[in-house]
Amino acid sequence: MVSSIPNARIQAITFPPPPSSPETLSGPAPEIARMNLNEAPGAPSPLVLGAIADALTDINRYPDHDCTALAGIISGRTGVPVDRLSFGNGSGEILVALAMMAINEGDDAIMPSPTFPTCAKGVQIAGGNIINVPLRSDGSNDVDAMLAAMTSRTRLFYLCTPNNPTGGILSQQALIKAATQVPQNCLLVVDEAYFEFAQVEGGPDVLSVLAKRPGPWVVTRSFSKAYCLAGLRVGYSMSSDAEINAGLWRLRPNFNIGRVSLAAAAAAMQDDAYLNETLRNTIAERQQLAAQLSRLDFEEFPSFANFLTVRCPAKARTLHKALAQRNIQVVPLAWPDEQGSLRITVDTPENNARLVEALEEILDAL
């Protein structure tokens, strides 16, 4: 009998791959506006660039698997002990591991829809069932509806705030409700990839709320967005207890964070002035872009991240295709209805203006 490889479970995985952005040896194509990946448009802090240069002299050595220096900085900033911190090649790697750790075959995972899909990939790897719950009209997770969708088999409850791809945040009250009403035999995961943006714009203090939860929880964060390090792939998690964290460490690939990435992340967390400038500039550009799109009859959904999601005056997929022909990449969403919306990364002032000009021309031609 011929075996089936990949096995049936792996073949059944449905996971949207990242957008394709082919590059040459010289890097990203300068003529393409990559407003679809939620990257930072600018370089990281000069402290980061200096730390990278220093780390390059030791790349013949394996990195510190314990991430000692970075863990110490994060622990000092958050108050979370080092033995409750774990690290991933981006926070997505951790989200997959969390699902694999919490889910047995046949278990349920509750997730908002649409949201960041990576945790759902882990649920499928583990043989679990994904229960998708529609978002609220403002693009935030509908905690009440998610709680109502729970079953006796629910072992994972995933929240994303600010939610990707819509930008909405959870209220403090909704987060407290999740923390208190998700059962103790269920892992509560809160994905905070855009934490720094939400923090300066009035988002909930997730860690302080979850600290009072009797059941297990994990918060994930990333250096890809506010710290301008998407290309170096560093994410981290903070867990409710050392036992949960030990499970993540069992699943961690050896040396999954490179030496250069560790040095860059540690340096980034020591330059608050640069971080704050990045946040101010990005938020100001986001507001300016929203105003320009409003002039073209786009409807902005509330965003607390480095991107905008906008309801379109024409079919989202039509606009997406027309923009792609002009080398401007955005993400079309089949949300909140068949008209759809576009998720647009806040880019440089030049690319933002280029997008608005292109949309104006496209809409005039329709």
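In the predicted model, Pro162 is placed in the loop that runs between strand E5 (154–160) and helix H7 (172–181). The peptide bond joining Thr161 and Pro162 is cis, with omega at about -10°. A cis peptide bond is also found between Trp335 and Pro336, where omega is about 0°. Pro336 belongs to the loop between strand E12 (331–333) and strand E13 (341–345).

Positive phi values occur at residues other than glycine. Arg233 has a phi near 60° and is not a glycine. This residue sits in the loop between strand E7 (217–222) and strand E8 (235–239). Its relative accessible area is 33%, so Arg233 is classed as partly exposed. Asn327, likewise not a glycine, has a positive phi of about 65°. Asn327 occupies the loop between helix H13 (316–324) and strand E11 (328–329), and with a relative accessibility of 33% it counts as partly exposed. A positive phi is also taken by Gly127, which comes just after H5 and has a value of about 85°.

Helix H5 itself is largely enclosed by the rest of the structure, because 7 of its 9 residues are buried. The buried residues are Thr118, Cys119, Ala120, Gly122, Val123, Gln124 and Ala126. The elements that cover them include helix H1 (8–11), H4, strand E3 (108–113), strand E4 (129–134) and E5. E5 is also the strand that precedes the loop holding Pro162.

The packing of two helices is described by the angle between their axes and the distance between the axes. For helix H4 (residues 91–102) and helix H5 (residues 118–126), the axes come within 7 Å and cross at roughly 35°. The crossing of H4 and H5 is right-handed. On the H4 side, the contact is formed by Gly92, Leu95, Val96, Ala99 and Met100, and on the H5 side by Thr118, Cys119, Gly122, Val123, Ile125 and Ala126. By residue class, the contact of H4 with H5 comprises 8 nonpolar and 3 polar residues, with no charged ones. Among the H5 residues in this contact, Thr118, Cys119, Gly122, Val123 and Ala126 are included in the buried set of the helix.

Several individual positions were examined for their surroundings. Ser237 lies in strand E8 and is buried, because its relative accessibility is 0%. Apart from residues up to four places away in sequence, Ser237 touches Arg84, Leu85, Ser86, Ile94, Val218, Val219, Thr220, Asn245 and Leu248. Strand E8, in which Ser237 lies, follows the loop that contains Arg233.

Ile328 is located in strand E11. Its relative accessibility of 1% falls under the 20% cut-off, so Ile328 counts as buried. Contacts of Ile328 outside its neighbours within four places in sequence are with Ala33, Met35, Leu323, Arg354, Leu355 and Ala358. Ile328 and Glu31 are separated by 297 residues in sequence, while their C-alpha atoms are 8.7 Å apart in space.

Ala265 is a residue of helix H11 (residues 259–268) and is buried, with a relative accessible area of 0%. When neighbours within four places in sequence are set aside, Ala265 contacts Leu70, Phe223, Leu229 and Val234. The C-alpha atoms of Ala265 and Ser222 lie 9.7 Å apart, with the two positions 43 residues apart in sequence numbering.

The second largest pocket has a volume of about 320 Å³. Its lining consists of 17 residues, and those nearest the centre are Arg77, Thr78, Phe195, Gln199 and Arg221. At least two lining residues each come from helix H3 (68–78), helix H8 (195–200), helix H9 (206–210) and helix H12 (272–295). The lining of this pocket divides into 8 nonpolar, 4 polar and 5 charged residues.

Notes. Residues are numbered from 1 along each chain as its sequence is written. This is a predicted model: local features need pLDDT of at least 70, side-chain atom pairs count only at pLDDT 80 or more; totals for chains, interfaces and linings use all residues. Side-chain values use heavy atoms; hydrogens and water are left out. On a 1 Å grid over the protein atoms alone, a cavity is a set of points where a 1.4 Å probe fits but cannot get out, and a pocket is an open set with protein on both sides within 12 Å along at least five of seven lines; lining residues have an atom within 4 Å of a point. Grid points are joined across faces, edges and corners, and a volume is the space filled by probe spheres set on the points. Helices (H or I, at least four residues) and strands (E, at least two) are DSSP runs, numbered from the N terminus. Ala, Val, Leu, Ile, Met, Phe, Trp, Tyr, Cys and Pro count as nonpolar, Asp, Glu, Lys and Arg as charged, and the others, Gly among them, as polar. Axes are lines fitted to C-alpha atoms, for helices over the stretch in contact, and angles run from 0 to 180 degrees between N-to-C directions. A crossing is left-handed if the near helix is turned anticlockwise from the far one by less than a right angle, and right-handed if clockwise. Contact means heavy atoms within 4.5 Å. Buried means under 20% relative accessible area, exposed over 50%, partly exposed in between (1.4 Å probe, protein chains only).
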